[in-house]
Amino acid sequence: MADRQNISSGTIWEQQVGYSRTVRVGNMVFVSGTTATDENGNRVGDTTYEQSKYIFEKIERSLKEAGAEMRHVVRTTMYVTDVAQWEGVGQAHAEFFTDVRPVSTLLEVSALIGEGYLVEIAVDAVIHD
């Protein structure tokens, strides 16, 4: 069985709820649902684009800690509170994945974990080189 590496971003929720920001098993890396929350617990951004861009930057840092890069991402799952605002999410996604082109799912949900959160994103990656 491949070694498992749990990676924490240090938020209080990870310990409280019992999850990891990122898990690497062998050459597979999974990043949990990520919101636009900074290291002090503050929401970042007021639009779906601003939040998505911040989230992808946060995911990129987490992947790096697991030994992966954005080019290794094979699946993105994006949750939005208003599907009519998809273009901001799509713009940020394209900025990070134009050449990678992972499979992608965008879902509208009734709410996210905190006031003003518009987007939550999870990714799966396979280190293939």
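**Entry 1: surface and overall form**

I started with the surface of this predicted model. The protein exposes about 7,400 Å². Carbon and sulfur atoms supply 49% of that area. I then asked what share of the residues is buried. Of the 129 residues, 39% count as buried.

Next I looked up the secondary structure. I found three helices and six strands. Along the sequence they follow the pattern β-α-β-β-α-β-α-β-β. The radius of gyration is 14 Å, close to the 14 Å that the globule rule gives for 129 residues, so the protein is as compact as a globular protein of that length. Along the principal axes, the C-alpha atoms fill a box of roughly 45 × 35 × 20 Å.

I also checked the contacts with a separation of 6 or more. Residues 24 or more positions apart account for 68% of them.

For the charges, I noted 11 positive and 19 negative ones. Their mean positions lie 6 Å apart.

**Entry 2: strand pairing**

I went through the pairings from β2 onward. β2 covers residues 22-25 and joins β3 by four bridges. These two strands run antiparallel. In this pair, Thr22 has Val31 of β3 as its bridge partner. β2 and β3 form a hairpin with two residues between them. In the turn I found Gly26, with a positive phi of about 60 degrees.

From β3, residues 28-34, I moved on to β6, residues 119-126. Five bridges join this pair, and the strands run antiparallel. I recorded two of the partners. Val29 is bridged to Ala125, and Phe30 is bridged to Asp124.

Which way does β4 run against β6, parallel or antiparallel? The two run antiparallel, with seven bridges between them. β4 spans residues 73-80. Val73 stands opposite Ala125 in β6. I had already met Ala125 as the partner of Val29. Further along β4, Met78 has Ile121 of β6 as its bridge partner.

β4 also joins β5, by six bridges, and here the strands run parallel. Met78 appears again, standing opposite Leu106 in β5. I therefore list Met78 with a partner in β6, Ile121, and with a residue opposite in β5, Leu106, going by the pairing rule of at least two bridges.

**Entry 3: Glu120**

I placed Glu120 in strand β6. What does Glu120 touch, leaving out residues up to four places away in sequence? The list is Gly33, Thr34, Thr35, Ile55, Thr77, Met78, Tyr79 and Leu112. I set this beside the pairings: β6 is bridged to β3 and to β4.

I also looked up the separation of Glu120 from Arg43. The two are 77 residues apart in sequence. In space they are 12 Å apart, C-alpha to C-alpha.

**Entry 4: Trp13**

Trp13 is in helix α1, residues 12-17. I asked whether Trp13 is buried, partly exposed or exposed. At 36% relative accessibility, Trp13 counts as partly exposed, because the partly exposed class lies between 20% and 50%. Beyond four places in sequence, Trp13 touches Gly18, Tyr19 and Thr37.

**Entry 5: Glu87**

Glu87 is in helix α3. Its relative accessibility is 54%, so Glu87 counts as exposed. I compared its position with that of Ile7. Glu87 and Ile7 are 80 residues apart in sequence. Their C-alpha atoms are 31 Å apart in space.

**Entry 6: Arg101**

I looked at backbone angles last. Most residues other than glycine have a negative phi. Arg101 has a positive value, with phi near 55 degrees. Where is Arg101 found? It is in the loop between α3 (86-97) and β5 (103-108). At 69% relative accessibility, Arg101 counts as exposed, since exposed means over 50%.

Terms used: Residues are numbered from 1 along each chain as its sequence is written. This is a predicted model: local features need pLDDT of at least 70, side-chain atom pairs count only at pLDDT 80 or more; totals for chains, interfaces and linings use all residues. Side-chain values use heavy atoms; hydrogens and water are left out. The radius of gyration is taken over C-alpha atoms; the globule rule is 2.2 Å times the number of residues to the power 0.38. Buried means under 20% relative accessible area, exposed over 50%, partly exposed in between (1.4 Å probe, protein chains only). Contact means heavy atoms within 4.5 Å. Accessible areas come from the Shrake-Rupley method with a 1.4 Å probe; for residues, only the protein chains shown count as cover. Lys and Arg count as positive and Asp and Glu as negative; His and the chain ends are not counted. The place of a charge is taken as NZ of Lys, CZ of Arg, CG of Asp or CD of Glu.
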